[in-house]
Amino acid sequence: MDYVIEMLNIRKEFPGIVANDNITVQVKQGEIHALLGENGAGKSTLMNVLFGLYQPEQGEIRVKGQKVNITNPNIANDFGIGMVHQHFMLVEPFTVTQNIILGSEPTTKSGKINIKKAEREIQELSDRYGLKVDPTAKISDISVGMQQRVEILKTLYRGAEVLIFDEPTAVLTPQEINELIEIMRSLIKEGKSIILITHKLKEIMEVCDRCTVIRKGKGIGTVNIKDTTTNELASLMVGREVSFHTEKKKAVPGQTILEIENLFVKDARKVDLVKGLNLEVKAGEIVGIAGVDGNGQSELIEAITGLRKANSGSIKLNNKSITNLNPRKVTESGLGHIPQDRHKYGLVLDYPVAENMVLQTYYKKPYSKATVLNFKEVYDKAESLIKEYDVRTPSASTLARALSGGNQQKAIIGREVDRSPDLLIAAQPTRGLDVGAIEFIHKKLIEERDKGKAILLVSFELDEIMDVSDRIAVMFDGKIVANVTPENTNEQQLGLLMAGSQLSEAGVHNDSE
Amino acid sequence: MTQNNRLFGILVPVISVLLGLLAGAIIMLVSGYSPIEGYAALWNGAFGDAFTIGETIRRITPLILTGLAVAFAFRSGLFNIGAEGQVIVGWLAAVWVGLAVDAPMILHLPLVLIVAMLAGALWGFVPGLLKAKLGVHEVIVTIMMNYIALFITNEIIRNVLTEQETTTEAIPATASLASEWLQTLTFFSRMHYGILVALFAAIIMWFIVQRTTIGYELKAVGFNQHASRYAGMNVSKNIILSMVISGAFAGLAGAMEGVGTYGTISVMSGFTNLGFDGIAVALLGSNNALGVVLAAILFGVLKEGAGQMPTSAGVPTELVDIIIALIIFFVASSYIIRWFLLRFKKEGK
Amino acid sequence: MDPWVSIIVATFIGAIFSIIHAVASVSFRANQVVSGVAINMLALGIGVYLTKQWYGKGQTDMVSEPFFRTDIPILADIPIIGPIFFQGIYVTSYIAIIFAFIAWYVLYRTPFGLRLRAVGEHPMAADTNGINVYRMRYIAVILSGALGGLGGSVFALTIVSNFSHSTIVGQGFMALAAVIFGKWHPLGAMGAALFFGLAQSLSVVSGGIPVLQDVPQVFLLIAPYVLTILALAGFIGRAEAPRANGEPYIKGSR
């Protein structure tokens, strides 16, 4: 057979878990082969084995039919295997060229780096594959999309024949995704082979030839994309029929809870990222903010929650201004916040679960009196939340770090919902979670809505937005550019709106204006 | 998992101390001394009679406080290398107020201690402020503050407290921690009431860190500043507070020397090393109050006992410095000890 | 004995001794500041311990053949410049300056330097490019130890001529200050070191210089430290430390 890469019966263990259990992947010359699985299914581990970052306990790897032993990335390079990492492996203060040649630098006779020669070669490579990269630019000055293309160049410079793309679209705008797909096709045309790691079914259906599915560390099988459907892939990935639709009653919006007018917010580099935004969320409705990452969503949330200064405009909660109050005052005004990055913001990982459950209330009675903590009250509260929200933890005194992502998120949701805030902000509440946890979280959000709370959902997953929201506010370039309902739109139209098209061009009926 | 961690938390320091002492024995053997004689001399030097016990306790006293200082900052994620400088300014302040103010003991002594704490706190405030507001790394700033403390203190001793002398007058009895009773009890050692101050400080530290919302915030900030901000805590305030309290502990350690042991302050050619030893104490004591007290006792004993080693066994006192340095290495490299322990356990099963 | 032999041996011993720090902080993931504090205590302990062993007292004998001030042939005869820069100087001072230029060349112009800096900025990126992070870090620490040892021996063989517990008091910390003040650049560090040296010597001779006569010595003594703090606080232009400075690299973690 003309397999370029074969990974046969690979097993990789880490202390306490089997990350890969008897997985087989065979990649044909000149194909785009998808590796599909949920978060934590073991895709990245498998590819790190192929790339020589991990050594497998069992199984063998063949390159063009030859059995090989890949003990470090250099050897992988020698066999023509290159990896485009999800978290870019780029040294920020270095130039594009310095990053690309790092580890295999061309030198002059005197031992000096021959930077001119390297820049020339990189320019040629870039032109050949249409990558449009400036070899002399500094990494810290170029866009995310270009950084990814630098990563691609890094593998090509080392003569890669097989390119592994690890969740490449996670950080890209729709336009950049289209460009990437073009680049992948031109790579194939030049005789390369590609392994695409992803959990996004649509991408697979669009560009891939074949797909190998992994579930909970086990290989489920390989299918031809031509012969399959999105639904089949989904059930292979999850292991059961997946309903993409969450059951919910029609929303009964009440009075306005959150009201934002003409809001301007700058990011850390003093650039306006929220530019005159208006938004309203009513009691008893879920408003989903759809948009591509980087259009000001994070800054919007940070401004509402008091984590970032608003430069002008007003934010009102229950008709009272909370503009530029500190996070504690905002919380006390009736806001709950499920943060986008639960490890960075949501939890103190080195605190026990119990102490995390009182992260915003520890200074209040009954958890403390005159600054002295009452641990019995803290633990009682924690125990009851753990039970109610089904947080799987050995005990309330276990460190939050030791919990799985899904259980950490349940703990955060329990804590935020329990305070019974009038407004609950959920930022990417299901990112990186498995399907079970996702369903649980969606159900909870809808429950809160039914209790008459206002919910603001921010997500980069259109499925989630379409599925959970009662109303969708499309955010583009720091503004809400359209208000639509899930019933009156579809993903294509949303995609266009998110890319900055006007409502009329997208052909969407605008509900609010 | 949690239980394992707790077990390691105790085993790692104990094993490190044993390894350190073993290394000391090997060094003695290699350099032609008898380890048994050497350690016997050390034991006698620390516990030989009432006098040496008194001196040992005197030596332990400031170590507890500098250990607490470093440990306290550590708990909120800050590395206070500046305990050394804070000790020096605390010492200076204690003696200065002791000499300058005339008051009955009941006012004078507390005033001396408070001013020493304030001086140390001020020296901690500067790096705390720079860290909190400008994100400047506290390690470098505290190192620089140490030298600034040293040179300024020497200047003040020479030109303000004395006229070009190298040592100040002794402080009056109203400002002194010295105790005739303790001295008689320990055959006229320099032991003073400071040990009670130090132990009380340890209890305060334990209470603040483990039982109060102040400690809850400080630790949260140490573990995760982002989450602390999200939770509505004032991160800058907590960083500054942590450095200030840490500095106050160290300043108090300086007062132990100033108005406890010596009653004077002299021009220093180099550092007291009390602050640097505090790093060792905090590290060995796992940054908790009880651990710090135990570690301070161990290091105090080693350092005091070392004095007997040259005369009784011919071993240079610096052997103890080597042992202490090695103990810190072992604790700091606890990853490898844990790794060995885990392996040992696995094979045992 | 020839002082050149001494400094070569000292460089070598400095390199060997620094391996302890490398093992602790690179392989055993020790906190580098802690390991650094321990190594300072250990060095002083061993140094004085061996001194007592070998000399039976707290300090060594005076070195009979230290470096002497000399004139550099030819260059010393240049008018004006010659007397200022090339007469009555220690050769070692020029060696130090030459080393700064070599360090700059190696760090910024050679593959080795590129890799070394990459390992300090983003070790995982270096790792995925096939660079052995641990090996690079060991080499870096050992080279640093060698240069530290060289510095110590030059100090002992030019300024003090013997060794005791108070010979080396904080020159290493001062170097740390020079690196930061020099914005993490070898030539910047050299400039900072020259400036600190000037401040220190002024504090010694200020009595004889009319302008400085009335400046209390203490201000000159603390100047390097205060300036470093100001530099750090961004009052004298800010420079970023290497991103991964002080962080152990754990393979396979993100």
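## Salt bridges in chain C and chain A

D61(C) and K57(C) bring their side chains together in a salt bridge, with N to O at 2.8 Å. This is a predicted model, so read that distance, like everything below, as a property of the prediction. Neither partner is hidden away: D61(C) has 43% relative accessibility and counts as partly exposed, and K57(C), at 36%, also counts as partly exposed.

Over in chain A, the picture is a network rather than a lone pair. R11(A), E13(A), D21(A) and K218(A) are joined into one network by salt bridges that share partners. Over all chains, the count comes to 39 salt bridges.

## K303(B) and its two acidic partners

Now for chain B, where K303(B) turns up in two pairs. One is with D277(B): the two side chains meet in a salt bridge at 3.1 Å, N to O. That pair links distant parts of the chain, since D277(B) sits in helix 12 (residues 274–284) of chain B and K303(B) in helix 13 (residues 289–306) of chain B, 26 residues apart. Both D277(B) and K303(B) are buried.

The other pair is with D321(B), whose salt bridge to K303(B) has its closest N and O atoms 3.7 Å apart. D321(B) belongs to helix 15 (residues 318–332) of chain B and K303(B) to helix 13 of chain B, so this pair ties together parts that are 18 residues apart in sequence. Unlike the buried K303(B), D321(B) counts as partly exposed, at 28% relative accessibility. As a general point, side chains of opposite charge can pair when their charged atoms come close.

## Buried spots in chain B

Helix 9 (residues 213–223) of chain B is mostly covered, with eight of its eleven residues buried. The buried ones in helix 9 of chain B are T213(B), G215(B), Y216(B), E217(B), L218(B), K219(B), A220(B) and V221(B). Note that the list has charged residues in it, E217(B) and K219(B).

Loops get covered too. T186(B) lies in the loop between helix 7 (180–185) and helix 8 (194–211) of chain B. With a relative accessible area of 7%, T186(B) is buried, because that value falls under the 20% cut-off. What does T186(B) touch, leaving aside neighbours within four places in sequence? Its contacts are A50(B), F51(B), G54(B) and M191(B).

## A sheet in chain A, with a helix across it

Chain A has an open sheet of four strands in the order 12-11-14-15, with antiparallel pairing. Strand 12 (272–282) and strand 15 (320–321) of chain A stand at the edges with a single partner strand each, so one side of each is left without a neighbour in the sheet.

Strand 11 (residues 256–266) of chain A pairs with strand 12 of chain A in the antiparallel sense, over eight bridges. One bridge partnership to look up is that of K266(A), whose partner in strand 12 of chain A is D272(A). Helix 9 (residues 297–305) of chain A lies across strand 11, strand 12 and strand 14 (310–317) of chain A, and runs at about 120° to strand 11 of chain A.

## A nonpolar patch on chain C

Back to chain C for the surface. V5(C), V9(C), F12(C), I13(C), I16(C) and I19(C) make a nonpolar surface patch of about 530 Å². One of them, I19(C), is found in helix 1 (residues 3–27) of chain C. I19(C) is partly exposed, with a relative accessible area of 31%. That value gets I19(C) into the patch because patch residues need over 30% relative accessible area.

Conventions: Residues numbered from 1 in each chain as written. Chains lettered and ligands numbered in written order. Predicted model: local features only at pLDDT ≥ 70, side-chain atom pairs only at ≥ 80, totals over all residues. Heavy atoms only, no water. Pairing = 2+ DSSP bridges. Helix = DSSP H or I, 4+ residues; strand = E, 2+ residues; numbered from the N terminus. Contact = heavy atoms within 4.5 Å. Axes fitted to C-alpha atoms, helices over the stretch in contact; angles between N-to-C directions. Buried < 20%, exposed > 50% of the residue type's maximum accessible area, 1.4 Å probe, protein only. Patch = residues over 30% accessible without salt bridge, like charges linked within 9 Å, V, L, I, M, F, W, Y side chains within 5 Å. Areas by Shrake-Rupley, 256 points an atom, 1.4 Å probe, with all protein chains shown as cover. Salt bridge = Lys/Arg side-chain N within 4 Å of Asp/Glu carboxyl O.
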